[in-house]
Amino acid sequence: MVDWLHSASVQDYPQALAWMEERAAQISAGTAPEAIWLLEHPPLYTAGTSADPADLLKPDQFDVFQTGRGGQYTYHGPGQRVIYVMLDLKKRGGDIRKFVQELEHWVIATLGEFGVTGHIRDGRVGVWVERPDKAATIPGQIAEDKIAAIGIRVRKWVSFHGISINVEPDLTHFDGIVPCGLSQYGVTSLVDLGLPVAMDDVDVALRKTCPFEAMP
C-alpha cells in the first residue's frame, strides 16, 4: 500500500525537497513504502529543467528555486494543493510517459468530482479548462486557463515532485512568471471558477480518484 502523508502547516521548499529525495532513495532501496504527500508551500517560484530565464518576470518578488523536475517556471503558494508522488515505476510498468498520463488523468478525475472538465493539450503540459466567458487571445479558439501543473523527476525508477492543483491561491502571484512559458494563456483555480471548494474537499476527491493504490 501507498503511504498517504498530509502536512497541515505550510512546508519549507528546500526541506520538502530534501525529504522527498531521501524517501525516494529509501523506496529504491526497498526500506520504505511508496508515498503520496499532500502539502502547501509559502509563495515561491520553481524552475524546471526547461526554464527560460526570460520567463522570470519578477525575480525579486519571491524566492526562486532551481529544481531537477521537468518543465519550466511554476508558482507554488498557499491555497494550492501540492501532491508529491514517490512511486516505484519499476513495479508500475516502467513507462514514464504512461505514468505522466496517469497523473494527468488523476487530475482530470479529481476536477470531475466538482463538475469541472479538464483537458490535456498537445504541446502544453498540465491540465486546462475552457473559459468561454473570457475573450480569446488566439483568434478562433475558446479561451483556456491552466488549473493544474505537472512536473516529475525520476531517479532509479522512483518518481518524486508531482502535481499542483489551484484551489484558491492568489492568482496575481502568477504574474511574476510566464507559467510554463505560455504567455497567451491564463491561470485559474476552482474558486476562481465560482466553486465553493475547500482544500479538504480536494483532498477527499484526490483520495477517491487515485489510480495508484490498487497497483500493483
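A residue is taken as buried when its relative accessible area is under 20%, and because the relative accessibility of Phe62 is 18%, this residue counts as buried. The structure described here is a predicted model, and Phe62 belongs in it to the loop between strand E3 and strand E4 (63-66). Although Phe62 and Pro43 are 19 residues apart along the chain, their C-alpha atoms are separated by 6.4 Å. Pro43 is also among the residues that Phe62 touches once those up to four places away in sequence are set aside, together with Leu44, Tyr45, Tyr75 and His173.

The next loop considered, between E4 and E5, holds Thr67, which counts as buried because its relative accessibility is 9%. With residues up to four places away in sequence not counted, Thr67 touches Tyr13, Thr46, Ala47, Gly48, Thr49 and His161. Ala47 has a further partner in E5, where it is bridged to Tyr73. Strand E3 (residues 44-47) and E5 run antiparallel and are joined by four bridges. E5 is covered on both of its faces, since Tyr73 and Tyr75 on one side are buried, as are Thr74 and His76 on the other.

The largest nonpolar core comprises 30 residues, and within it Ile36, Ile83, Leu103 and Trp106 touch the most other members. Two or more residues of this core are given by each of strand E2 (35-39), strand E6 (80-86), helix H2 (96-112), strand E8 (124-130), strand E9 (144-155), strand E10 (158-166) and helix H3 (199-209). Among the contributors, H2 gives the most to this core, with five residues. The surroundings of Ile36 can be described in detail: with neighbours within four places in sequence left aside, Ile36 is in contact with Val2, Asp3, Trp4 and Leu5, with Ile83, Tyr84 and Val85, and also with Trp106 and Cys210. Apart from the largest core lies another core, of 15 residues, which includes Ala16, Leu44, Val82 and Tyr84. Leu44, a member of this other core, is also one of the residues touched by Phe62, and Tyr84, likewise a member, is in contact with Ile36.

Attention then turns to the pockets. In the largest pocket there is about 400 Å³ of space, and its lining is made up of 26 residues, with Gly70, Gly71, Val125, Ile150 and Gly151 lying nearest the centre. Strand E5 (73-76), E8, E9 and E10 each supply at least two residues of this lining, and E9 gives the most, with five. Divided by class, the lining of the largest pocket has ten nonpolar, 13 polar and three charged residues.

The second largest pocket contains about 250 Å³ of space. Its lining consists of Arg97, Val100, Gln101, Glu104, Ile120, Arg121, Asp122, Gly123, Arg124 and Val125. At least two of these lining residues come from each of H2, strand E7 (119-121) and E8, and H2 supplies the largest share, four residues. In this lining five residues are charged, three nonpolar and two polar. Val125, which is listed in the lining of the second largest pocket, is also one of the residues that lie nearest the centre of the largest pocket, while H2, which supplies the largest share of the second lining, also gives the most to the largest nonpolar core.

Key
Residues numbered from 1 in each chain as written. Predicted model: local features only at pLDDT ≥ 70, side-chain atom pairs only at ≥ 80, totals over all residues. Heavy atoms only, no water. Core = buried A, V, L, I, M, F, W, Y, C linked by side-chain atoms within 4.5 Å. Buried < 20%, exposed > 50% of the residue type's maximum accessible area, 1.4 Å probe, protein only. Contact = heavy atoms within 4.5 Å. 1 Å grid on protein atoms, 1.4 Å probe; cavity = no way out; pocket = protein on both sides within 12 Å on 5 of 7 lines; lining within 4 Å. Points joined across faces, edges and corners; volume = space filled by probe spheres on them. Nonpolar A, V, L, I, M, F, W, Y, C, P; charged D, E, K, R; others polar. Pairing = 2+ DSSP bridges.
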